Amino acid sequence: MAQHGRLNSARTRGERRNALLAGYRPLPGAYDELMAPDGTVRPQWEPFLSEWSGLSADELQRRFGLADRHVRDTGVSYRVHGDVDANDPLAGERAWPLNHAPLVITGAEWQVIAAGVAQRAQLLNALLGDIYGPGRLVREGALPAAAITGSPDYLRPLQGTNGAGQLQTYAADLGRGPDGRWWILGDKTQAPSGAGYALENRLALGRAFPDLFRTMNVERLAAFFQSFRTGLVARAKRVEPRICLLTPGQLNESYFEQAYLARYLGFLLVEGGDLVMRDGLVHVRTIAGFKRADVIWRRIDGDFADPLELNAASALGVPGLVEAIRQDNVVVANGLGSGVVESRALMSFMPALARNILGEELILPNIATWWCGQPHERRIVLDRLDEMSIAPAFRANGGSLDDQPLLVADLDGAARERLRAAIEQRGLDHVGQEVVRLSTMPVLHDGRLEPRPMTLRVFAAATPEGWQVMPGGFCRISDEADARAVTMRSGVRSSDVWVTSDRPVEPVTLLPSPDKIAIRRIVGILPSRAADNLFWLGRYLERTEATLRLVRAVLGRLINADDQAPGHAETIKRLANLLVAWGAAPSGRGKAIASQATSALFGLDEYGSAAASVREARRTASVIRERLSVDAWRLFGDLQRQLTAPRKPVSEGEAFEVADSALKSLAAFSGLSQENMVRGAGWRFLDIGRRLERGVTTCRYARHFAESGTPGNCLDALLDLTDSQITYRSRYQLGAALQPVLDLVMLDPYNPRSVAFQVERLDQEIAALPTLSDDGMLEEPRRLALRLAAECRTAEASRLDRASILLFEQLLMGLSNAVADRYFLQNAHPEGSRMTQLA
Amino acid sequence: MIYEIRHLTSYAYARPVPFARCILRVLPREGDGQHVVASELSVTPRSVERHDGICFFGNHTTTLTIAKPHRELRIETRSRVEVNRAAAPFPALTRNWEEVTALAQGAQSLAPDSPAQYIYPSRLVPTVDEITAYAQESFQARRPVFEAARELMGRVRRDFTYDPEATEVSTPIREAFAQRHGVCQDFAHIMIAGLRGLGLPAAYVSGYLRTIPPAGQPRLEGADATHAWVMIWCGPETGWIGLDPTNDLIVGDDHIITATGRDYADVSPLDGVLVGPGSQKLDVKVDVIPVS
C-alpha cells in the first residue's frame, strides 16, 4: 500500500482524518467544494470524511477494489478518440477511471441547479421550435439568421417538419465560479452522453460504501430513468411501442454506455443498417421479418441520420428516415436538427432570449460570450483580446478536433496577430468568452486528498409532467491542478455526484412492482444483425477450436519422436498441409513444421490462425455485447491473452501446452452457452453457426485423412481431430480401420462430433425459428436442412468417398448461404422478405 | 428564350443490382429568371416507391426505391424552359463589398434565398486561406461588389486550365486550386470559397449552357453537357446574380438552371444507396435545343 503514504501509519480516526486532509488547501482564486477559504470542511462533506477516516488504509483499498472491479466487470468503458485500430476495434478501449470520492452537493443548492437546468431545457426547446418553425425570433431581429446558419447541425431538410429539433433529453455542462455561483459552460442537445456513466459510477460506489448512501440521504437516480422512459413511451402512437436506441456502432467512443443503457432501459440496440424505411414507416429488420419501430432514441448526430436527404456520405443512418419523419410516422428523439442550439454563437443571446421567449431571467447564467459576427461585439473582443478565450462559434464542419477554446494569454505574439486577423476577416466564425476558473474537488492521491478542477454534467428529460432533472450527474475531474478546460480526452477522471437530502430517501428501482409483471419466457424479437453476429461468433469459435486441435495434433506427434509407426511422417505432413490449406500457417517450403504450427497458434498475419480467429470472434462478440454475460465476455479476454505471441521462442512442448489450455477455455465458453444462455433465437443462431462450421470442418478432415489405402496412423489423426478416439476404442478392439472410422465421424447420429449429429441439430434449430408467412410452405433453410438430414441418415460408410463427402460439405455451405439470405441479408433480397408480417 | 432539354443518364452495372434507393435532383427549378413550362422524369426499371417533392432550396427532388434486380438504371428528363433574365446591373453602381458582407451577416431571414444561408463553409467548400487570399486581390477596400466579383471570375478563367482528366467529383478544392486545373464544378467551388472567405454570400448552381455549333456545322445530338456556375448576392436591391467562371460570362439567357444550393452536395443529381458489389459505368447524353 505504498501509494497510501501517511494514511498507512495513521491508527486512529483522527489521525487518519488529518492524514487525508494534510496539505489540502483550496487553489488560489478558485472555489473549493470540500473546504471553505478558512480551512474548515463544509458540513455536507463531514459524513463522507468520517466514513473514510473510520476505515483502515487496507480496508479503504479493499472498498476501492470492489468499486473498480464493478467497473471492469460491467465493461462500461470509454473509448479514446484516435485510438481506433481497424484491425482491432477494441484496442482503444480503456478502463474508465473512477474517482473514489463523490462530489457532494446539498439539496438546497441542488434545487437552484435543477430549476436552472429545467428552465434552460425549456428555453432551448422553444428556440428550436421557432428555428424550424415560424422563425419569429429571426424575423423580429431578436436573433441574427447568421447565428443559426453557421451550424453544421442546422438541418435544412427538417424545416417545417413535425418535431424537428425537439428535445427529449438535454444536458448542461456546469462549472462553479470563484464566487460560488454555478455557470452554464455548454449545452448538449444533440445526443448527450454520460447519463449511463453516471449510473455506473453510482452502482460502483454503492458497492464500496453502501451505508453512506443511507446515512447521507443521497438522492437515487433510478426514478429519473423511469421518467425518461415514460417520456419516450408517451411520444409514441402505439400503446406498447417498440423503442430503439440507434447507435453509431462499436467504434463510437460511448458505445458501451449505449449498450448499457439499452439493456438497463429495455430498448432494442440497433445500428442504421438494422432499420429500414418502407412506405413511409420505419422497421427493424428481424429474423421474423420487418417489425415497426415507433420511437428512435438516437445517439448518432442528426446530420448522419439519413444519407438520402442529409449527409450523403453517412453509412450510419437510415435512408428515407427524414421522409418518414415528414409523414409523421416515427418519433426520433432528440428531433433531428436539435444540435443547432449547441453553438457557442447562441450563448450571447440567451439572456435576451429567455426574456423574449419565457418572460423570465435565466436562473443559471451562462459564461459571458461575445459572438464576433456582430460589429459591436467584435470590437469588444478585439479590444480585450488578451484577457479572453477564443473559440469556434460553431462546431467545426466535419470534425471536432479544432473545437477547443484558445486561451489568448497562452499564445505568443505571432499567434495572437494571426487570431486577430482571422477575427477581423471572418468574425462570424469566432466567439470571445470570459476565461473560466473552475471550482475544485478532492481526489485521493498518495494517501491524501488534493483539490482538482472539475465540471458537472447535469441531465434533464422531457416527461408528461414537465422537465425532470436527474438528481446527480456526471462529474469530470482534470488531472492538472490548473486546467481551465476539461475534456474526457486528456487525463480525466470521473466522479459520482451525491445530492444529499434532509430527509431519508425512498429507494426506487426500474423494476415494476411484482404484481404488475406479466410473465414472459421469450423476450422480444431478434434483430437480423444480432442474429448474424451470433451466427458468426459461433463459426469463429468453432474455427478456433478446429485450428487448435490441428496444432495440438501436429505438435503432439512431433514431440512423440519415438513413434516409428508406419505413416507417422506422412500423418504429420498431412496435418501441416491442412494448416496451410486452411490459411492458418504460411506455406511450408523451407519451413520447419514446428514453426508452422507455432504460427498457426499465435500468428496474426494468417487469417486462419487461432489468434486471428479469436480476434474475429471477439470483434463479433463486442457488437452484441449486450447479449453476452460478463463471464462469457471475460473468456474472450482470457483466450486472447493465451494466444498472444510470447516474446521469446517457445518450445514445441510449450506451444502444445498453450493449444491445450486454449481448448479448455473454449470448452468453458461452450459450457457457459449450453448451461447459461436462454434457449431463445439468439442461442439458436450461435448454435447454428457452431454446428455448420463443425460439420464443414469434419467433412474436410475426412476428405483429407480417410480414403482407401490410408495408413492407420492417419485415421488415428482423424479420430484425434474429431475428439472421437475414446468412443472408437470402446467400440472396436482393433486399430483404426477406414469404414468404422468414417461411420463414426461422418454418419453416426449418436456421436456429438459427427457430421450427422450436427445436421440433426441444425434441422432442429432451424425448425424452431420463426417463419415469414403462414402458408405452410417450407422456407429454403429448412428445406436444405431436411435434405441434408435425409442424406446423412441414408448414407452408408462403405460407399463414402471423397466425392460424396465433398457433396455433404457443399450442402452444408449451401445451407449456410440460405441461412444468411433468409435471416441476415434481407436488405439484398427484398422480394424474399415479404411485408406480410408487419407488426 | 425557350429551350427543349433532353437529359439521359444511364448507369450500367457489371453485376445485377437487386435493390436501390436514391434521390434525384434532375428536373429544372422555377425562379431566378426562368419558368418551367413542362417537365417530366422517367426512370427504368420501374420503382416500387416514388416520392416527388421540393427540397429546402426549392429544387425538385424525386426519391425512388427500386426493388427489382437490374443491370442498367436509366434516368431521362424532358423539359421545356422559358428563360428571361433581367440585365445585370452596372458593376460600378453596386454596393461596396464590405457593406454587402455586413448586410448578409445581419440578415433577418432564414428563407432559402437569404444571404445568411450562403456565407459559411459547407460540405464541399471549406474555408481555404490560400483561396481567400487569391480572391482578396480583387476586393480592394470599398470596391463595388459586382465589379470585384466579375474581375475575380475573369482571373479564375485566365489562371485555371479546363481539364476533365485533372479532377473527379471527390477532389478537394484545395487540390484543384493548387493544381490550377479542373472542370466547371471545381471553378465554381473555388470561386465560392474565395467569396465566402471574405464573408460574401455565394451559391452553387447546376444546369445547362446552350452551345452554338461552329458556323456551317450541324448541332451534334447528345453533345451538350451539364454545367455549373456561381451566384453572388450583391445586396437587397440587386439580389442574386449568376457568374460563370468557366467561361468568364455573366449569366444571361443562355444558362438554364437545374438546381441551386450551397455546393455540389446540395444539388447532386443522384445520391443513394444500392445493394450489390461490382463496378458501374456512367453515360450521360444532353441536348439543349433552343426552340424560339
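1. Two residues are taken to be in contact if their C-beta atoms, placed from the backbone, lie within 7 Å. In this predicted model, the contact between the chains draws 31 residues from chain A and 32 residues from chain B.

2. On the side of chain B that touches chain A, several elements each supply at least two residues: strand 2 (19-24), strand 4 (49-54), helix 1 (97-105) and strand 14 (270-275) of chain B. Strand 14 of chain B provides the largest share, with 4 residues. In character, the residues of this side of chain B comprise 17 nonpolar, 12 polar and 3 charged.

3. Chain B also holds an open sheet of 4 strands, ordered 3-6-1-15, with antiparallel pairing. Its edge strands are strand 3 (34-44) and strand 15 (280-290) of chain B, each of which pairs on one side only. On average, and with direction ignored, neighbouring strands of this sheet are turned by 10 degrees against each other.

4. One pairing within chain B can be followed in detail. Strand 3 of chain B and strand 6 (residues 70-83) of chain B run antiparallel and are joined by 10 bridges. B:His35 has B:Glu82, in strand 6 of chain B, as its bridge partner.

5. For chain A, the domain assignment gives domain 1 (2-94), domain 2 (230-333), domain 3 (368-396 + 403-435), domain 4 (526-677) and domain 5 (678-839). Domain 3 of chain A is thus listed as two segments, 368-396 and 403-435. Between the C-alpha centres of domain 3 of chain A and domain 5 of chain A, the distance is 68 Å.

Technical notes:
Residues numbered from 1 in each chain as written. Chains lettered and ligands numbered in written order. Predicted model: local features only at pLDDT ≥ 70, side-chain atom pairs only at ≥ 80, totals over all residues. Nonpolar A, V, L, I, M, F, W, Y, C, P; charged D, E, K, R; others polar. Pairing = 2+ DSSP bridges. Axes fitted to C-alpha atoms, helices over the stretch in contact; angles between N-to-C directions. Domains from an automatic or database assignment.
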